Amino acid sequence: MSSDRRSFVKTLSAAGLAALGSSLAHAEPVPNKSGKRLRYAIVGTGHRHRMYRSAILGDYKEHAELVGLCDINPGRAALSAKVAADAGVKVPTYVAADFDTMVKETKPDVVIVTTVDATHDDYIVRSLDLGCDVITEKPMTTTAEKCQRILDAKKRSGKTVRVTFNYRYSPPRTQVKDILMSGEIGDILSVDFHWLLNTTHGADYFRRWHANKKNSGGLMIHKATHHFDLVNWWLSAQPASVVAVGKREFYTPAMAKRFGLSGPHERCRTCPEKDKCGFFMDLAAEPSLKALYLDNEHHDGYFRDRCVFRDSIDIEDTMNVIVKYDTGTTLSYSLNAFNAWEGYQIAFNGTKGRLEHSIVEQIYTAGTNQVQGGIAEGGVKTRVIPLRGPAKDYQPWTGTGGHGGGDKALLDDIFVINPPADKYQRNSDERGGAASILIGVAANQCFETGQPVQLASLVQGWDRPALTPMPTHLDPVPMPVRRPRGG
Ligand SMILES: NC(=O)c1ccc[n+]([C@@H]2O[C@H](COP(=O)([O-])OP(=O)(O)OC[C@H]3O[C@@H](n4cnc5c(N)ncnc54)[C@H](O)[C@@H]3O)[C@@H](O)[C@H]2O)c1
């Protein structure tokens, strides 16, 4: 049953609508020669769904049609429908309890899942069983049990699951894949990868639903799924075993006291020490945050500005992981959520040389109109150092918009009917989605037990994803050129 949109629309502030409407700025629609459009419904109408909604209503409107919107929070669903109506498209909204009804009434070809991470499996499985293909945001899911349900439903239904790993599509990361595929550094024996979150974006995970593992699986799943997927894809390898340690030592009540506060409080909005706190967030001051969250918290009691130092947080802020791949390659990875800058450094150690690559990301807060994962000016470095000989710096491939241009390239691949073949195999399905989250599941398990985890023990019927051929550990390698004085 469709809810009464008009009653919610009346409650929206003009400023909030202006802020949300601004996400509908488009280039020319992408032409469609196929003569058909696919029908899409979206479940989860928070911050991230706006990218898909804008794409369907804008650049890809010749390929795609938005037929339904669903959320547990009727206010947010109505807000989204209002933006669609302003773009000339009437879209019915449904509350979460009526998801199956939405699918039956609106008959989507594809359901896009952009809800809280721990609820993805439910909508993926229900959509598949109702005969729809699925596009899901990362992480595909948060536990091994939920992953198993998805693998089983995919096989049972014969429909498709696509996991939107947008980082694969960003030009400088595709360029790294291109260099690795070319064999310039030979086959890769080990990888050193360090991801840094700063105290703006990093701290924000500790304010929201992400701060509890039951919602997000912790940062090993919610955030590191991007990073583990990049390595799985860069290497074209399947993760086999994991050891890890993790702790929370920065976003804690003790740190609040070390920063001179009397302790954690419930939320920024009512905080008695807001003037003293460098982590204060003013939801009312940012029109987009206000419209999405503050104006709708009376529906579900979800506070977007909870104290980052509160005791009830149960995710880690400091994590170290070692992964062994089926190819024999090993990965050493760290994630710290309280750093001075945001981005990463990675090095691939190959039999012919080393590829060093780093990216500095721009300051960002989710739910605002800032560009997510945008790359700072001059923030990309990609260099190959052969075993013997001078280093070579690469001119980075570039793109604009979210995730360094990755979001736009991803949207082309998703929405354009019959997209061109992709030599980098950036499209991922449930097998790639599982490969990435199972590293995080294993790391979480190892945090508790201290014991190594074999990924094959976590799920059954998990097949190797389709990935590009890469140099192997059996290929001949040219003898390094002797240095002038030998050795
Ligand atoms: N690929 C990326 O770069 C990227 C970036 C941001 C978010 N994401 C992913 O997108 C998803 C949504 O994140 P977000 O930032 O939009 O969060 P959000 O909190 O802004 O939105 C989540 C929405 O889901 C709704 N919801 C919660 N439980 C639900 C349920 N059981 N049924 C229906 N709706 C429900 C909430 O009411 C909310 O509107 C997450 O899985 C997140 O990991 C991906």
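This is a walk through a predicted model, from its domains to its ligand shell, its helix packing and a few notable backbone positions.

Let us begin with the overall layout. The domain assignment divides the chain into domain 1 (5-166), domain 2 (167-251 + 313-457) and domain 3 (253-300). Domain 2 is thus written as two segments, 167-251 and 313-457. Taken over C-alpha atoms, the centres of domain 2 and domain 3 are 30 Å apart. Where these two domains touch, domain 2 contributes 7 residues and domain 3 contributes 8 residues. On the domain 2 side of that contact, the residues are 3 nonpolar, 3 polar and 1 charged.

Now turn to the ligand. A shell of 24 residues surrounds the ligand, and the closest of them are G44, G46, H47, R48 and E137. Sorted by class, this shell holds 5 nonpolar, 13 polar and 6 charged residues. Where does the ligand lie relative to domain 1 and domain 2? Both domains give residues to the shell, so the ligand lies between them.

G44 deserves a closer look, as it is among the closest residues to the ligand. You will find G44 in the loop between β1 (38-43) and α3. Is G44 buried or exposed? With 27 other C-beta atoms within 10 Å, G44 is buried, because the cut-off for a buried residue is 20 or more such atoms. Leaving aside residues up to four places away in sequence, G44 touches H49, D71, V113, T114 and T115. The C-alpha atoms of G44 and T119 are 9.8 Å apart in space, although 75 residues separate the two in sequence.

From here, follow the chain to helix α6 (residues 120-129) and helix α7 (residues 144-157), which pack at an angle of about 10° with their axes 9 Å apart. The two helices are therefore roughly parallel to each other. On the α6 side the contact is made by D121, I124, V125, L128 and D129, and on the α7 side by K146, R149, I150, A153, K154 and S157. By class, that contact has 5 nonpolar, 1 polar and 5 charged residues.

Helix α7 has another partner, helix α17 (residues 430-449); the axes of α7 and α17 come within 10 Å and cross at roughly 170°. That makes α7 roughly antiparallel to α17. Here A144, C147, I150, L151 and K154 of α7 meet E430, A434, I437, L438 and V441 of α17. This contact has 8 nonpolar, no polar and 2 charged residues. Notice that I150 and K154 appear in the contact of α7 with α6 and also in the contact of α7 with α17.

Just before α7 there is a feature of the backbone worth finding: a cis peptide bond joins K138 and P139, with omega about -20°. P139 sits in the loop between β5 (133-136) and α7.

Strand β5 comes up again when we look at helix α16. Of the 10 residues of α16, 8 are buried, so this helix is largely enclosed by the rest of the structure. The buried residues are G406, D407, K408, A409, L410, L411, I414 and F415. They pack against α3 (49-57), β2 (64-71) and β5.

After α16 (406-415) comes a loop that runs to β15 (428-429), and N418 has its place there. Phi of N418 is near 55°, a positive value in a residue other than glycine. N418 is exposed, with 8 other C-beta atoms within 10 Å. Q425 lies in the loop between α16 and β15 too, and its phi is near 50°, again positive in a residue other than glycine. How does the setting of Q425 count: buried, partly exposed or exposed? With 17 other C-beta atoms within 10 Å, Q425 is partly exposed.

Our last stop is R168, in the loop between β6 (161-163) and α8 (171-182). R168 is buried, with 27 other C-beta atoms within 10 Å. Apart from residues up to four places away in sequence, R168 touches R173, L230, W233 and R426. The C-alpha atoms of R168 and V231 are separated by 9.8 Å, and the two residues are 63 residues apart along the chain.

Methods. Residues numbered from 1 in each chain as written. Predicted model: local features only at pLDDT ≥ 70, side-chain atom pairs only at ≥ 80, totals over all residues. Axes fitted to C-alpha atoms, helices over the stretch in contact; angles between N-to-C directions. Helix = DSSP H or I, 4+ residues; strand = E, 2+ residues; numbered from the N terminus. Parallel < 35°, antiparallel > 145°, perpendicular 65-115°, else oblique. Nonpolar A, V, L, I, M, F, W, Y, C, P; charged D, E, K, R; others polar. Near = placed C-beta within 6 Å. Domains from an automatic or database assignment. Buried ≥ 20, exposed ≤ 12 C-beta atoms within 10 Å, placed from the backbone.
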